[in-house]
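Please open the model in your viewer and keep the sequence panel beside it. The tour below moves from one selection to the next, and says at each stop what is there.

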Amino acid sequence: MHELAVTESILEIATRHAQQAEAARVTDIYLVIGQLSSIVDDSVQFYWDAMAENTICHGAQLHFKRIQARMLCQDCQGEFELASQLEPCPACGSYRLTVAAGDEFYMESIEVEKI
Amino acid sequence: MTVNRVQVVENILNANDQVAQLNRQALDNAGAFSINLMASPGAGKTSFILKTIQALRTDVKIGVVEGDTAPVTIDADKINAVGMPAVQINTGGECHLDAVMLKAGLQQLPLPEIDLLIVENVGNLICPAAFDLGTHINLLIASIPEGDDKPYKYPNIYRGLDVLVINKTDLLPYIDFRMDYFRQGVEMLNPGLTTFAVSCKTGEGIDAWADWLRGRLAASRQV
């Protein structure tokens, strides 16, 4: 439940980039969130609607691109998609895994209107 | 009116991470090794800090930052009572400490005098895992009464750990805690994780932890 802090950061980043681009308004915000990041989209959206009011981001649509978690096996070097949170390498049964994808947590781009 | 796409590619917690980096530099410059201590409420965080102080106090100066959601100084008072500097940070209802809050805490401590800084995070197994504070290692206390399924239910916090402490081992005879099941979950998330089983009540296992910590403090001084 740290979506409030996360939403504040989203607003700060989007506002800064929009001002640098000399935009009049932000219409869309594209976020990339890995499956392993514990963020609830609906909760961010809830805070967003209130926080973006009276800012350059008012009315901007949030887009969440979720990235499937992929693990890299340290024993057989195989890579596989993680279905749940905890499962061994399907090829060799090892639990010595590192995260290859799924911990992303960034803003990819914004769409803005210019006068 | 034209519509333009602006490339951003910026970590959402970038602002926090930048302050965390400054905290790390401030701690390094002061020669203070620091621990981000996380756990659920009631796992024994403050008791563990007090035991650690007791074990190391003759040769290590320890400072403590206490994070709480409520404006109370219960924990900081306990640390001050044993003669070590402590500051209380009230997060104002937030469920975790972040780097900016720790920065404010560091400014209230005599950092150059401190060899070891312990930051007691808010009792929570989810949110603290997402915020880098700028400390050197992440430590989690898991206590026996919480149950043996916690690694399976809170995997993110286990993935980011450097040290795990299993507390309240004195309660093992009374609670259905399958140590093998617990450790198997930890092994899946963080293979080979350094782990200490302790009881702050009886003192069991504290010496092994204190010896390991002394080694880390000595190693950090040589860098």
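In what order do the elements of chain A run from the N terminus on? Select chain A of this predicted model and follow the ribbon: the order is α-β-α-β-β-β-β-β, which amounts to 2 helices and 6 strands. The radius of gyration of this chain is 18 Å, well over the 13 Å that the globule rule gives for 115 residues, so chain A is more spread out than a compact globule. If you draw a box along the principal axes, the C-alpha atoms of chain A fill roughly 55 × 25 × 15 Å. Of the 115 residues in chain A, 26% count as buried. Among the contacts in this chain between residues at least 6 apart in sequence, 73% join residues at least 24 apart.

**First stop: helix H1 of chain A**

Now select residues 3-20 of chain A, which form helix H1. At 1.5 Å a residue, these 18 residues should span 26 Å, and the end C-alpha atoms are 26 Å apart, which agrees. Which residues of H1(A) are buried? They are A:Glu3, A:Ala5, A:Val6, A:Thr7, A:Ile10, A:Leu11, A:Ile13, A:Ala14, A:His17 and A:Ala18. Show their surroundings, and you will find that these buried residues pack against strand E1 (25-34), helix H2 (41-51) and E6 of chain A, together with E1 of chain B. Seen against the strands, H1(A) lies across E1 and E6 of chain A together with E1 of chain B, and runs at about 45° to E6(A). After the helix comes A:Glu22, whose phi is positive, near 55°.

**Second stop: a sheet built from both chains**

Select next the strands in the order E2(A)-E1(A)-E6(A)-E1(B), which make an open sheet of 4 strands with mixed pairing. At its edges stand strand E2 (61-67) of chain A and E1 of chain B, each of which pairs on one side only. From one strand to the next, the twist averages 15°. Within chain A, E1(A) and E2(A) pair in the parallel sense over 7 bridges, and the bridge partner of A:Asp28 in E2(A) is A:Gln61. Where the chains join, strand E6 (residues 105-114) of chain A is linked to E1(B) by 8 bridges, and the two run antiparallel. To see a single position of this pairing, select A:Ser109, which stands opposite B:Gln7 in E1(B).

**Third stop: the contact between the chains**

Widen the selection to the whole contact, where 28 residues of chain B are in contact with 28 residues of chain A. On the chain B side, strand E1 (2-11), helix H6 (155-159) and helix H7 (179-189) each supply at least two residues. Which element of chain B gives the most to the side that touches chain A? It is E1(B), with 10 residues. Colouring this side of chain B by residue type divides it into 16 nonpolar, 7 polar and 5 charged residues.

**Fourth stop: the sheet of chain B**

Hide chain A and select the strands of chain B in the order E4-E3-E5-E2-E6-E7-E8, an open sheet of 7 strands with parallel pairing. Strand E4 (86-90) and strand E8 (194-197) stand at the edges, each with a single partner strand, so one side of each is left without a neighbour in the sheet. Neighbouring strands of this sheet are turned by 20° against each other on average, direction ignored. Strand E2 (residues 33-39) and strand E6 (residues 137-143) of chain B run parallel and are joined by 5 bridges, with B:Ile35 standing opposite B:Ile137 in E6(B).

Add two helices of chain B to the view. Helix H2 (residues 45-56) lies across E2, strand E3 (62-68), strand E5 (116-120), E6 and strand E7 (163-167), running at about 170° to E5(B). Helix H3 (residues 74-81) lies across E3, E4 and E5, and runs at about 175° to E4(B).

**Last stop: B:Leu139**

Finally, centre the view on B:Leu139, which lies in strand E6 of chain B. Is B:Leu139 buried or exposed? With 24 C-beta neighbours inside 10 Å, B:Leu139 counts as buried. Leaving aside neighbours within four places in sequence, B:Leu139 is in contact with B:Ile35, B:Asn36, B:Leu37, B:Met38, B:Asp162, B:Val163 and B:Val165. From there, extend the selection to B:Ile166, which is 27 residues from B:Leu139 in sequence and 11 Å away in space, C-alpha to C-alpha.

Technical notes:
Residues numbered from 1 in each chain as written. Chains lettered and ligands numbered in written order. Predicted model: local features only at pLDDT ≥ 70, side-chain atom pairs only at ≥ 80, totals over all residues. Rg over C-alpha atoms; globule rule 2.2 N^0.38 Å. Buried ≥ 20, exposed ≤ 12 C-beta atoms within 10 Å, placed from the backbone. Contact = placed C-beta atoms within 7 Å. Nonpolar A, V, L, I, M, F, W, Y, C, P; charged D, E, K, R; others polar. Pairing = 2+ DSSP bridges. Expected span 1.5 Å × (residues − 1). Axes fitted to C-alpha atoms, helices over the stretch in contact; angles between N-to-C directions.
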